[in-house]
Amino acid sequence: MSFTLPELPYAYDALQPYMSRETLEYHHDKHHAAYVNTGNNLLKGTEFEGKSVEEVVKGSYGKNQALFNNAGQHYNHLHFWHWMKPNGGGALPGKLEKKIVEDLGSVDKMKEDFIQAGVGQFGSGWAWLAVKDGKIQIMKTPNGENPLVHGAKPILGCDVWEHSYYIDYRNRRPDYLKAFLENLVNWAYVEEMFEAASR
């Protein structure tokens with residue numbers, strides 16, 4: 001199974017003003033495309049050829065750094081585009097909200113801690129909500145790493161690499177994370193991933 005670049009699930013200008021057309025064009029058409037192309041070249045002739053993205057990510061972690069970097073970023077972005085939608089944010093689906101309150105205190109506390117994780121990730125990386133041992137946790141990872149390689153299943157991730165926000169927010173990473181949570185998150189997709197992770 002080689003990697004393929006998916007179409008965006010919305011128009012390039014659909015997330016404005018919180019994420020510009022220019023950002024999405026660069027981020028999807030250049031950055032994500034590069035992870036796909038480089039990843040496919042690095043897959044050739046390895047034991048991971050024909051495996052799912054998840055298997056490549058888990059299997060190459062700590063063994064084949066270059067392949068892992070590209071496979072990890074491909075996996076992260078496959079979901080990142082779906083973790084956002086036009087007119088996102090708003091109320092969380094009931095079951096998901098209940099579990100977040102149970103595990104993280106409150107929705108506001110979750111948002112605060114999620115923003116803190118993203119701001120506190122030095123350099124490039126991601127902020128996450130992930131399910132581990134049946135509980136929702138907040139995590140942060142460097143570069144292309146994700147919760148899969150730490151025994152957890154991601155249900156929401158925010159890309160804090162500079163190419164994700166610099167055109168629109170310059171160095172204001174906290175503002176970008178706040179805009180992401182309040183105006184972009186597709187909570188229905190988060191709930192889908194939560195249900196899959198809870199099975």
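**A buried histidine, a three-stranded arrangement and a pocket**

Histidine 32 counts as buried because its relative accessibility is 0%, and the cut-off for that term is under 20% relative accessible area. The model described here is predicted. Histidine 32 belongs to helix 1, which covers residues 21-43. Its side chain makes a polar contact of 2.9 Å with the side chain of histidine 74. When neighbours within four places in sequence are left aside, histidine 32 is in contact with Leu5, Pro6, His27, His74, His77, Leu78 and Trp81.

The segment before helix 1 contains proline 17. The peptide bond that joins glutamine 16 to proline 17 is cis, with omega at about 5°. As background, most peptide bonds are trans.

Further along the chain, UniProt lists residues 94-192 as "domain: Manganese/iron superoxide dismutase C-terminal", in an unreviewed entry. In the model, this span is 52% helix and 23% strand. The C-alpha atoms at the two ends of residues 94-192 lie 12 Å apart.

The strands come next. Strand 1, residues 125-132, is mostly covered, with seven of its eight residues buried. Strand 1 pairs with strand 2, residues 135-142, in the antiparallel sense, and eight bridges join the two. Within this pairing, alanine 130 has glutamine 137 of strand 2 as its bridge partner. The hairpin of strand 1 and strand 2 has two residues between the strands, and there aspartate 133 takes a positive phi near 50°.

Strand 1 also runs antiparallel to strand 3, residues 153-159, through six bridges. Here alanine 127 stands opposite cysteine 158 of strand 3. Strand 1 therefore has two antiparallel partners, strand 2 and strand 3, where pairing requires at least two bridges.

The loop between strand 2 and strand 3 holds asparagine 143. Asparagine 143 is not a glycine, yet its phi is positive, at about 50°. With a relative accessible area of 39%, asparagine 143 is partly exposed, because that value falls between the 20% and 50% limits.

Helix 6 spans residues 162-169. Its buried residues include His163, Ser164, Tyr165 and Tyr169. Among the elements that cover the buried residues of helix 6 are helix 1, helix 3 (65-80), strand 3 and helix 7. Helix 1 is also where histidine 32 is found, and strand 3 is also a partner of strand 1.

Arginine 170 follows helix 6 and lies in the loop that leads to helix 7, residues 173-184. Arginine 170 has a positive phi of about 50° although it is not a glycine. In general, most residues other than glycine have a negative phi.

The last feature is a pocket. The largest pocket holds about 190 Å³ of space. Its lining consists of Glu54, Lys58, Tyr75, Leu148, Gly151, Ala152, Lys153, Pro154, Met193, Ala196 and Ala197. Helix 2 (53-60), strand 3 and helix 8 (187-198) are the elements that each give two or more residues to this lining. Helix 8 gives the most, with three residues. Strand 3 thus appears in several places: in the pairing with strand 1, in the cover of helix 6 and in the lining of the largest pocket.

Definitions and conventions. Residues are numbered from 1 along each chain as its sequence is written. This is a predicted model: local features need pLDDT of at least 70, side-chain atom pairs count only at pLDDT 80 or more; totals for chains, interfaces and linings use all residues. Side-chain values use heavy atoms; hydrogens and water are left out. Buried means under 20% relative accessible area, exposed over 50%, partly exposed in between (1.4 Å probe, protein chains only). Helices (H or I, at least four residues) and strands (E, at least two) are DSSP runs, numbered from the N terminus. UniProt positions are given in the numbering used here, feature names are shortened, and annotations may be inferred rather than shown by experiment. Contact means heavy atoms within 4.5 Å. A polar contact is a pair of N or O atoms within 3.5 Å; within protein, one must be able to donate a hydrogen and the other to accept it, and residues adjacent in sequence count only if both atoms are side-chain atoms. On a 1 Å grid over the protein atoms alone, a cavity is a set of points where a 1.4 Å probe fits but cannot get out, and a pocket is an open set with protein on both sides within 12 Å along at least five of seven lines; lining residues have an atom within 4 Å of a point. Grid points are joined across faces, edges and corners, and a volume is the space filled by probe spheres set on the points.
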